Amino acid sequence: MIFILFIMAYILLGLAAWVNGDPRRVAYPTDSQGYFCGQKGTPNENKSILFYFNLLTCTSPSVVVNLQCPTTQICVSKCPERFLTYMEIQFKYKNDSEYWTYYSQFCRTTFLKPAETLSQVLLDNDCPSAIYPSKPFLQRCFPDFSTKNGTLTVGNKTVFDDGSGKTRNAAELRRAANGINKALDARAIGVKVFEDYAMTWYWILIGLTIAMFLSWMFVMLLRFTAGLLFWIFTFGVIGIIAYGIWRCYLEYSRLQEQPSSRLNAYTIGIQTDISMYFRLKQTWFALMIILCLLELFIILMLIFLRNRIRISIALLKEGSKAIGYLPSTLIYPALTFFFLSVCISYWAVVALYLATSGAPIYKVIAPQGHCEHENKTCDPVGFNTTEIAKACPGAQCHFAFYGGKSLYHQYITTFQLLNLFVFLWLINFVIALGQCALAGAFASYYWALKKPDDIPPYPLFTAFGRAIRYHTGSLAFGSLILAIIQMFRLILEYLDKRLQEAQSNISKFLKCCLRCCFWCLEKAVKFLNRNAYVMMAIYGKNFCKSARDAFNLLMRNILKIAVMDRVTDFVLILGKILVAGCIGVLAFLLFTERLPVIIEGPTSLNYYWVPLLTVIIGSYIIAHGFFSVYAMCIETIFICFCEDLERNDGSTEKPYFITPTLHGILNKKQLVPQKQKNGRFRKKRWFC
């Protein structure tokens, strides 16, 4: 019920944001008066570009982008195309009025002639002191920089008059808009990237389709190759470590015969050049000892855990067989992706409408930054006649952001936090729902005595409906715990970014400890939740009881879990790398035109690595979606397997539900009931 109330509140929050917000405030640039540039039905309808009076006052590029540059900003229909100053116009106007007609379109108010003095114009912010050749970018006018014979120029000039009698060079203007010019370069790169995507989109789709097929094939073939892959990897690691031991011994023997063999770490002291330590025989001897111990540890683990490793490999094969009987489970990640896309889209839209809610708020901005009234709220109408303008010469009243004094606007920040929290809750709920539905489907496979005859029809659909009907509250509770932990982590990261410069060494140490603790806590809760959902799908109990039963069951089989997780992780990581690597190699050969004999791919790509990375990352994501189903299958079968061994003894009354393959591995594990002397009960004990 709490979860449903939060969803209803989330919907109401979205409606309130939709009523009060205006995303046009993001789409259109805003002038110093808070009016949109290019908005239809307004005086600025034909003026879609924002023009800055004096870009040189913008000391950082981020200030320009955020519309907080301490200079007047107006909407214009086009950017300036030549150099002109206000003082030049006053002289040229007498001979040709066309100059003033051109210059006046960049003034805030309309004048019949440039009669006011330069000081009066600058004081009233009516016109810019000078204009420079500019080009529109992101609906804003930025200087038209170019390079001529290795020298930076603006409109083919290296120096120019700023309108106040000072001579400026292009480098000064470049520093004021350095980040913007990087964005201009990024625009050119973006156009080329778009062209590459336009030429290769169908090849990308073909590559992702092949990745989907390879992922399915890998999962299906694991029943035959899981053991081979694991042992090849294991003996490969043993061989690599053995080679390392041999290499360390050779280096130690070589250094032993040299005159400098008496040197040690105490003799050379602390060195910044790490290669100095590799000239010591003690370093190679220590590495050889470490590798020998590691080799011995791996061999002993393989010897003593060989039966558990065999069980893990058999479970991997059983998981592949289960997916073969339930192929619909491989489609479920697409449904999860759809739900996640809806949640992410709704969160983004609500956040956008909340950020653009309210009326324009104006703040006092001082070009020199020395004003006691700076950042105070002001009214642009008649600002020059107020006491603030007299106390701070040159101060201006500019649009800052959107807000208000109503109760709704006072809690915008709280609503943004609520939006983020419910978003995290919904995301975790969607993931939990998928895990519970898949667990229910795979559990129905395991507990079928005769496979596949006893598997119920439509197991995934039935498990999904059962999870929605009976376990919504439990899934919401488990995802709520995870959302709270993630919210604390995000708040901690936010505070770290805001207080980064004011942190001491102690606070940095505590911050790192907190981040580590919350990260570990999130991982532990995710693991426990996943197993709780499996128990929930099997027995139908609530979250707390399922989590307790799952924890106790896992603790009784801790060694099996450790081995199972490592074996599963290795196989799945290897599968993801294999799928992404195969598709990546084929895409590389295709996009670099190295397969002209077999197939003719796209030619003349600007950046071949753009579609290449898209194919590799997309293939990895597809493989991850397939293997996440497989991982859930293995985990469910493992939980059922442990429950089966504890609940049943292989007799006619209590038969094992495990397959003959697993039963053959466990044929040495027999449950021997021992009658107690009082005959009241039997005690079950495992013998290997």
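In this predicted model, the sulfur of C642 lies 9.4 Å from the closest cysteine sulfur, which belongs to C640, and this is too far for a bond, because a disulfide requires a pair of cysteine sulfur atoms within 2.5 Å. C642 has a relative accessibility of 3% and therefore counts as buried. A second cysteine, C520, has its closest cysteine sulfur in C516 at 4.2 Å, again too far for a bond. With 38% relative accessibility, C520 counts as partly exposed.

**The disulfides**

When the distance rule is applied, the count comes to 3 disulfides. The table sets out the sulfur separation and the torsion about the S-S bond for each pair.

| Pair | S to S | Torsion about S-S |
|---|---|---|
| C37 and C75 | 1.9 Å | -75 degrees |
| C79 and C141 | 2.1 Å | about -95 degrees |
| C107 and C127 | 2.0 Å | 115 degrees |

The disulfide that joins C37 to C75 has its sulfur atoms 1.9 Å apart, and with -75 degrees about the S-S bond this link is left-handed. It connects distant parts of the chain, since C37 sits in the loop between α2 (24-27) and β1 (49-52), while C75 belongs to strand β2 (residues 73-76), the two being 38 residues apart. Both ends of this link, C37 and C75, are buried.

C79 and C141 form a disulfide with their sulfur atoms 2.1 Å apart, and because the torsion about the S-S bond is about -95 degrees, the disulfide is left-handed. C79 lies in the loop between β2 and β3 (84-85), whereas C141 is in strand β6 (residues 140-143), so the pair ties together parts that are 62 residues apart in sequence. C79 is buried, as is C141.

The disulfide between C107 and C127 has an S to S distance of 2.0 Å, and its 115 degrees about the S-S bond make the link right-handed. Distant parts of the chain are linked here as well: C107 is in the loop between α5 (98-104) and α6 (118-124), and C127 is in the loop between α6 and β4 (130-131), with their positions 20 residues apart in the numbering. C107 and C127 are both buried.

**Reading the cysteines together**

For the reader inspecting the model, the loop between β2 and β3 holds C79, and strand β2 holds C75, while α6 is named in the placement of both C107 and C127. Outside these pairs, C520 is partly exposed and C642 is buried.

Conventions:
Residues are numbered from 1 along each chain as its sequence is written. This is a predicted model: local features need pLDDT of at least 70, side-chain atom pairs count only at pLDDT 80 or more; totals for chains, interfaces and linings use all residues. Side-chain values use heavy atoms; hydrogens and water are left out. Helices (H or I, at least four residues) and strands (E, at least two) are DSSP runs, numbered from the N terminus. Buried means under 20% relative accessible area, exposed over 50%, partly exposed in between (1.4 Å probe, protein chains only).
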